[in-house]
Amino acid sequence: MSGIIEIEDLYYSYRDGTEALRGLSLYVDENERVALLGPNGAGKSTLLLHLNGINLPGQGVVRVLGKEINSKTEKWVRTKVGLVFQDPDDQVFSYTVHEDVAFGPRNMGLSPPEVEERVEQALEAVGMSNYAGHPPYHLSYGQKKRVAIAGVLAMGPPVIVLDEPMAYLDPRGKETLLEILNRLHKSGATIIIATHDVDFAAEWADRVVIIKDGRTLRQGDTSLLTDEEVVSEAHLRFPVVTQIFKRLGDSNTENLPLTVSGAVEAIRRLLSGGGCNNGN
Ligand SMILES: Nc1ncnc2c1ncn2[C@@H]1O[C@H](COP(=O)(O)OP(=O)(O)OP(=O)(O)O)[C@@H](O)[C@H]1O
Ligand SMILES: [Mg+2]
């Protein structure tokens, strides 16, 4: 079996001795949409920093596109995995927004006109074209997050990893990002997102991976988000749609809807005299 990302028994400690990852394993298939959930401090960001070689394993193996990530492959992997950091202040640092987005494609050795085209398209996609000449440190947090996303889009990597991408985006910004993610997924990209937003995970993901104490607690399809034990252990909450159907008091709590379209179908069935349960 070979996936686009394979992590086996990964351990990682920070310099101060904090054991952030303790035997974590994860497998991601090509073109999958994976939502990574788990409590604050679970190890999500630490894990994601391993996917493009910023963190190198203390123990265990990280493979991307079949290649083991180590000091020899860390440069290579940065062209294959685009990572949007949790905190844009860790990522956006050039003198202008344009320079910041151009950094990645330029490092990939692309020609200046190609770089220019990619920067323009990426800034357009995140609605930041008017800020190309601005210094990033004057931008709002949400705007910086958009610039960081543009920086990854401009590189066009096959794997895109986003750490809390929705945080600080306004509702329209979230919609735009969702459209971008859908487009990328259709064009074959593999997308991994760390998030605390269970409603987003329920709507978007093919698979959810739940991390706690530096290990994979559970992984599976989005119905995991309606599992009482998992939700409690991972400090999550049920998706709003699921909460509504729970409150409606259906005695069978298996297979409650968790997406808006799942809810619409279930309500239609209820109105026509059937039960409210449904695959999602
Ligand atoms: N640079 C660092 N130095 C020391 N410890 C760190 C560092 N970064 C993170 N940690 C610790 O590593 C553990 C995992 O942190 P991490 O940031 O990966 O969690 P997370 O799941 O992303 O949390 P959140 O949901 O808050 O983003 C925590 O105990 C955290 O305090
Ligand atoms: Mg984090």
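**Packing, ligand sites and backbone geometry in the predicted model**

The buried residues of α3 pack against two other helices, α4 (112–125) and α5. In this predicted model, the buried set of α3 consists of Val 97, His 98, Asp 100, Val 101, Ala 102, Gly 104 and Pro 105. Just after α3, Gly 109 adopts a positive phi of about 85 degrees.

Helix α5 also matters for the account of the nonpolar cores. The largest of these cores has 48 residues, and Leu 37 and Leu 225 are the members with the most contacts inside it. Helix α5 (residues 141–155) provides the largest share of this core, six residues. Apart from it lies another core, made up of 28 residues, with Ile 5, Leu 26, Val 81 and Ile 211 among them.

It is worth pausing at Leu 37 and its strand. Leaving aside residues up to four places away in sequence, Leu 37 touches Lys 44, Thr 195, Val 198, Ala 201, Val 208, Val 209, Ile 210, Ile 211, Leu 225 and Leu 236. Ala 35 is found in strand β3, which spans residues 33–37. With a relative accessible area of 0%, Ala 35 is buried. Under the same exclusion of residues up to four places away, the contacts of Ala 35 are Ile 193, Ala 201, Trp 204, Ala 205, Arg 207, Val 208 and Val 209. Ala 201, Val 208 and Val 209 thus appear in the contact lists of both Leu 37 and Ala 35. By contrast, the C-alpha atoms of Ala 35 and Ala 132 are separated by 31 Å, with their positions 97 residues apart along the chain.

Turning to the ligands, ligand 1 is surrounded by 14 residues, of which Gly 41, Lys 44, Ser 45, Thr 46 and His 196 are the closest. The largest share of this shell, three residues, comes from α1. Which residues place polar atoms 2.8 Å from an oxygen atom of ligand 1? Gly 41 does so with a polar backbone atom, and His 196 does so with an N or O atom in its side chain. For Lys 44, an N or O atom in the side chain lies 2.7 Å from an oxygen atom of ligand 1. Of the 640 Å² of accessible area that ligand 1 has on its own, the protein covers 65%.

Ser 45 reappears at the metal site. The magnesium ion (ligand 2) has two protein donors, Ser 45 (OG) and Gln 86 (OE1), at 2.0 to 2.1 Å. These donors link distant parts of the chain, 41 residues apart: Ser 45 belongs to helix α1 (residues 44–51), whereas Gln 86 sits in the loop between β6 (81–84) and α3 (97–107). Ser 45 counts as partly exposed because its relative accessibility is 23%. Gln 86 likewise counts as partly exposed, at 41% relative accessibility.

Finally, the loop between β7 and α6 deserves a look at its backbone angles. Glu 164 lies in this loop, which runs between β7 (159–163) and α6 (171–186), and has a positive phi of about 50 degrees although it is not a glycine. Tyr 168 is placed in the loop between β7 and α6 as well, and its phi, near 75 degrees, is again a positive value in a residue other than glycine. Are these side chains buried or exposed? Glu 164 counts as buried, since its relative accessibility is 12%, while Tyr 168 is exposed, with a relative accessible area of 60%.

How values were computed:
Residues are numbered from 1 along each chain as its sequence is written. Chains are lettered from A and ligands numbered from 1 in the order in which they are written. This is a predicted model: local features need pLDDT of at least 70, side-chain atom pairs count only at pLDDT 80 or more; totals for chains, interfaces and linings use all residues. Side-chain values use heavy atoms; hydrogens and water are left out. A nonpolar core is a set of buried Ala, Val, Leu, Ile, Met, Phe, Trp, Tyr and Cys residues joined through side-chain atoms within 4.5 Å. Buried means under 20% relative accessible area, exposed over 50%, partly exposed in between (1.4 Å probe, protein chains only). Helices (H or I, at least four residues) and strands (E, at least two) are DSSP runs, numbered from the N terminus. Contact means heavy atoms within 4.5 Å. Donors are N, O and S atoms within 2.8 Å of the metal (3.2 Å for Na, K and Ca); water is not among the atoms, so sites may look incomplete. A residue is near a molecule or strand if one of its heavy atoms lies within 4 Å of it. A polar contact is a pair of N or O atoms within 3.5 Å; within protein, one must be able to donate a hydrogen and the other to accept it, and residues adjacent in sequence count only if both atoms are side-chain atoms. Accessible areas come from the Shrake-Rupley method with a 1.4 Å probe; for residues, only the protein chains shown count as cover.
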